[in-house]
Amino acid sequence: MLLCLQFNGWNIFATSNEEGNDWVSLSGWAKANDFKLGWVREDEPFTLTNQSSTLLFKTDSQWAEINGVKIWLRKPVSIEGRHVCVSSLDLNTSIEPILFPQTNQVTIQTICLDPGHGRQDTGGVSGGYEEKRYTLPLAEELAGQLEAAGFKVILTRTNDTFVELEDRPALANRQKANLFISLHFNIGPPGEARGVEVYCLTPPKASSTNVGRWGHIGEISEWGVNTGFLPGNRFDNRNVLLAYDLQKTLVKNLTTEDRGVRRARFAVLRTAEMPAVLIEGGFLSDSVEQKEIADPKYRAHLAAAIVQGVLAYQRAVKS
Ligand SMILES: [Zn+2]
């Protein structure tokens, strides 16, 4: 069936009593923001385009794409009458901060890198591959590349030591770092999961991507929804932009799956007083990716993609 998405201005559908859960007509939003939207088939993805960006949505799906990069939405896109609708919270906290970045932000001078896990905390383990053994050399490689690009870099650990989760952003705060990047590798059912994903802090009142999902011990220490304002939420707009820019350059440079920009209230993201993200740079449980992650050349390639993402973010908030 062909569905005509008519431009009816800015329509808001208050279909839920839950706070912050207004539904916004995408056609109205497209018109207000100079995006083109045409005839689409109801059962296929539909697109909104302007000169610089393409958005893709699917009905009943929590995945959207911005310029080919997957973004996790809080609520599935739905059809109300003749309107394709998206949650206002998704527009305000995911889509608009990426499309319309806040500029004139603080110049990035110092970046805090956080190699995940350490000592007795091995992180994920698969086939003898321990996560903590690869996060540190990735951080060291990345530190060298970021320094070569002109940034000052600090690390939350420089050897196989145990650092409490809350001490990691605390160090970044004390050192007045301008960005915080936590580095991890993933574990999932062997043969079923591969690819990269970047997490940023869940906005207040929203649910995290990883609710009900298996996760590393310690990284996930809060499973609730509708949590109040956390210190890291001050940076929500820049958190999601940084996550998007990193996910984009990772997917562009690595031949692996795009697992999207995701949301979590990880302990290392909650109290960071600067834009902060957590990168899952591949799956140790995947027979191909575990060998790549263990290869210094591949890690250098991964680090180069992260540097590109940081530079893209820097350009976006400066201009
Ligand atoms: Zn981890």
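Which helix gives the most residues to the lining of the largest cavity? In this predicted model, that element is helix 2, spanning residues 88-99. Helix 2 supplies four residues to the lining.

Two cavities of 30 Å³ or more were found in the structure. The largest holds about 70 Å³ of space. Its lining is made up of W72, L73, R74, L89, D90, T93, S94, P203, A206, S207 and R263. By residue class, five of the lining residues are nonpolar, three are polar and three are charged. A probe the size of a water molecule, rolled over the atoms, shows where such empty space is left.

Packing was examined next. The largest nonpolar core contains 65 residues. Within this core, the most contacts are made by W29, L48, L55, F57, I95, I111 and L250. Helix 8, residues 296-318, provides the largest share of the core, with ten residues. Another core lies apart from it and has 16 residues, including C112, A264, F266 and A276.

L48 shows the surroundings of one core residue in detail. Neighbours within four places in sequence are left aside here. L48 then touches L26, W29, A30, F35, K36, L37, S53, T54, L55 and F57.

Cysteines were considered last. C85 counts as buried because its relative accessibility is 0%. C112 is also buried, because its relative accessibility is 0%. A disulfide requires two cysteine sulfur atoms within 2.5 Å. By this rule, the structure has zero disulfides.

How values were computed
Residues are numbered from 1 along each chain as its sequence is written. This is a predicted model: local features need pLDDT of at least 70, side-chain atom pairs count only at pLDDT 80 or more; totals for chains, interfaces and linings use all residues. Side-chain values use heavy atoms; hydrogens and water are left out. Buried means under 20% relative accessible area, exposed over 50%, partly exposed in between (1.4 Å probe, protein chains only). On a 1 Å grid over the protein atoms alone, a cavity is a set of points where a 1.4 Å probe fits but cannot get out, and a pocket is an open set with protein on both sides within 12 Å along at least five of seven lines; lining residues have an atom within 4 Å of a point. Grid points are joined across faces, edges and corners, and a volume is the space filled by probe spheres set on the points. Helices (H or I, at least four residues) and strands (E, at least two) are DSSP runs, numbered from the N terminus. Ala, Val, Leu, Ile, Met, Phe, Trp, Tyr, Cys and Pro count as nonpolar, Asp, Glu, Lys and Arg as charged, and the others, Gly among them, as polar. A nonpolar core is a set of buried Ala, Val, Leu, Ile, Met, Phe, Trp, Tyr and Cys residues joined through side-chain atoms within 4.5 Å. Contact means heavy atoms within 4.5 Å.
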